[in-house]
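Please look at the sequence and the 3D structure shown here before reading the report that comes after them.

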Amino acid sequence: MIGRHHARLLQSSPRVDFAGAVDPAGDRFGVVNAHERLFASIADLLRAGAPDFAIVAVPTEEHLAAVRLLAAEGVHVLVEKPLAATAAEARALIDCCQAAGVNGAVGHVERFNPALLALREKAHIEGQLGQIFLIATERIGPFPDRIRDVGVIKDLATHDLDLVHWLGGAPVERVTAETQHRMGREHEDVVMATGRLENAISFNCIVDWLSPTKVRRTRVLGERGMLVADTLTADLSFYRNGSVTSDWSAAQALRGVSEGDMTRYALARREPLLVELETFCDFVAGDADAAVVTLSEGLDTVVVAEAALESAQAGSTVRLAGVPS
């Protein structure tokens, strides 16, 4: 599903000479402009000539096998999230890329959403919130029937577990999770994950496949107010703490913060997947400062996802601090 969007953008990019797409089921969505550029297997693509880089957008359980074939031919890889089905496979994938001397990155596309990019800049570079207390995400909606190999944690919550690390500026120290299995599948379809980063910022992620409406929201709360990003519409708003005072001492003591001004920012909007692909092109071309999601970061997210699954199964908090990746 995501591969068709990669193909659409790559074929229209002036920076890319499109080598082809691989799908054993054929071009179901009619996105490949030239029939001779559609291949039934990675081996067929490589026999036609190894490309400079490839987007690995196969089912998660097939990531490692696909990367092994591509890396052996010197092909750089952008691997869709999650990096792999397990942390062990993610480590093996990283070892494979290092041994072959190819560059790799992970397709955590939410990092390229204009609302989240602006949120991160205002929170950290501009210091708009002051000290940050909490990062909370909500990612809910109906079940995507195409998902077969993983549950909601590794398919969707990996977006959020990556975001809390990226927005909070520190790795996850501990996580506690609750899951639900309501659709009769092997994998979970609801997760509520709460935890703490190593810099003492708290986080909470609510993700499900059971809601009849689609919501994608991230909020960051700090001492001066709250930034809220809607990643469906790429909107960012700031709710400033109020400065209204009271002469009534009892009320003043109970008031806490009050509602102040609210600002909705005008943002320049570009398709996040396009920005991600352009950034990866810069990375492959040798730009060491290109802001890709590294393979190591992708592994860290898989490790936290596995900790959330472990927490839900054991009914306890799982600590990650000091665990080598």
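The report below goes through the cores, the cavities, the strands and some backbone details.

## How to read the model

This is a predicted model, in which local features need pLDDT of at least 70, side-chain atom pairs count only at pLDDT 80 or more, and totals for chains, interfaces and linings use all residues. Residues are numbered from 1 along each chain as its sequence is written, and side-chain values use heavy atoms, with hydrogens and water left out.

## Nonpolar cores

In soluble globular proteins, nonpolar side chains tend to be buried together. A nonpolar core here is a set of buried Ala, Val, Leu, Ile, Met, Phe, Trp, Tyr and Cys residues joined through side-chain atoms within 4.5 Å, where buried means under 20% relative accessible area, exposed over 50%, and partly exposed in between, for a 1.4 Å probe and protein chains only. The largest such core holds 69 residues, and within it L83 and L236 touch the most other members. Helix α6 (residues 152-168) supplies the largest share of this core, with nine residues; helices (H or I, at least four residues) and strands (E, at least two) are DSSP runs, numbered from the N terminus. Another core lies apart from it and has 16 residues, including L9, L78, L277 and F280.

Which residues does L83 contact, leaving aside its neighbours within four places in sequence? With contact taken as heavy atoms within 4.5 Å, the partners of L83 are H63, A90, L93, I94, V106, L295, G298, L299 and V302. L236 also appears among the contacts of K122, which touches G127, Q128, L227, L236 and Y265 when residues up to four places away in sequence are not counted. K122 belongs to helix α5 (residues 114-125) and, although lysine is classed as charged, K122 is buried, with a relative accessible area of 14%.

## Two cavities

On a 1 Å grid over the protein atoms alone, a cavity is a set of points where a 1.4 Å probe fits but cannot get out, and its lining residues have an atom within 4 Å of a point. Grid points are joined across faces, edges and corners, and a volume is the space filled by probe spheres set on the points. There are two cavities of 30 Å³ or more, and the largest contains about 60 Å³ of space. Its lining consists of L9, L10, S13, R15, V16, L274, L277, E278 and C281. The elements giving two or more residues to this lining are α1 (2-12) and α8 (272-284), and α8 gives the most, with four residues.

The second largest cavity has a volume of about 40 Å³, and the residues that line it are I153, A157, D160, L161, V191, A193, C205, V207 and A308. Here α6, β8 and β9 (202-208) each give two or more residues, while the largest share, four residues, comes from α6. V191, one of the lining residues, sits in strand β8 (residues 190-197) and counts as buried at 2% relative accessibility. Among the residues that V191 touches beyond four places in sequence are V152, I153, A157, C205 and V207.

## Strands and sheets

Strands of a sheet pair through backbone hydrogen bonds, either parallel or antiparallel. Two strands are said to pair if DSSP finds at least two bridges between them. Four strands form an open sheet with mixed pairing, in the order β3-β4-β5-β14. Because β3 (53-56) and β14 (293-294) stand at the edges with a single partner strand each, one side of each is left without a neighbour in the sheet. β3 runs parallel to strand β4 (residues 76-80), joined by four bridges, and A54 has V77 in β4 as its bridge partner.

Elsewhere in the sequence, strand β6 (residues 132-142) is mostly covered, with eight of its 11 residues buried. β6 pairs with strand β10 (residues 210-222) in the antiparallel sense over nine bridges, and with β9 in the parallel sense over seven bridges. E138 stands opposite R217 in β10, whereas R139 stands opposite V207 in β9.

## Backbone details

The peptide bond from K81 to P82 is cis, with omega near -10 degrees, and P82 is found in the loop between β4 and α4 (87-100).

A200, in the loop between β8 and β9, has a positive phi of about 80 degrees although it is not a glycine, and A200 is partly exposed, with a relative accessible area of 38%. A234 has a positive phi of about 60 degrees, again without being a glycine; A234 is placed in the loop between β11 (225-230) and β12 (235-241) and is buried, with a relative accessible area of 9%.

Key. On a 1 Å grid over the protein atoms alone, a cavity is a set of points where a 1.4 Å probe fits but cannot get out, and a pocket is an open set with protein on both sides within 12 Å along at least five of seven lines; lining residues have an atom within 4 Å of a point.
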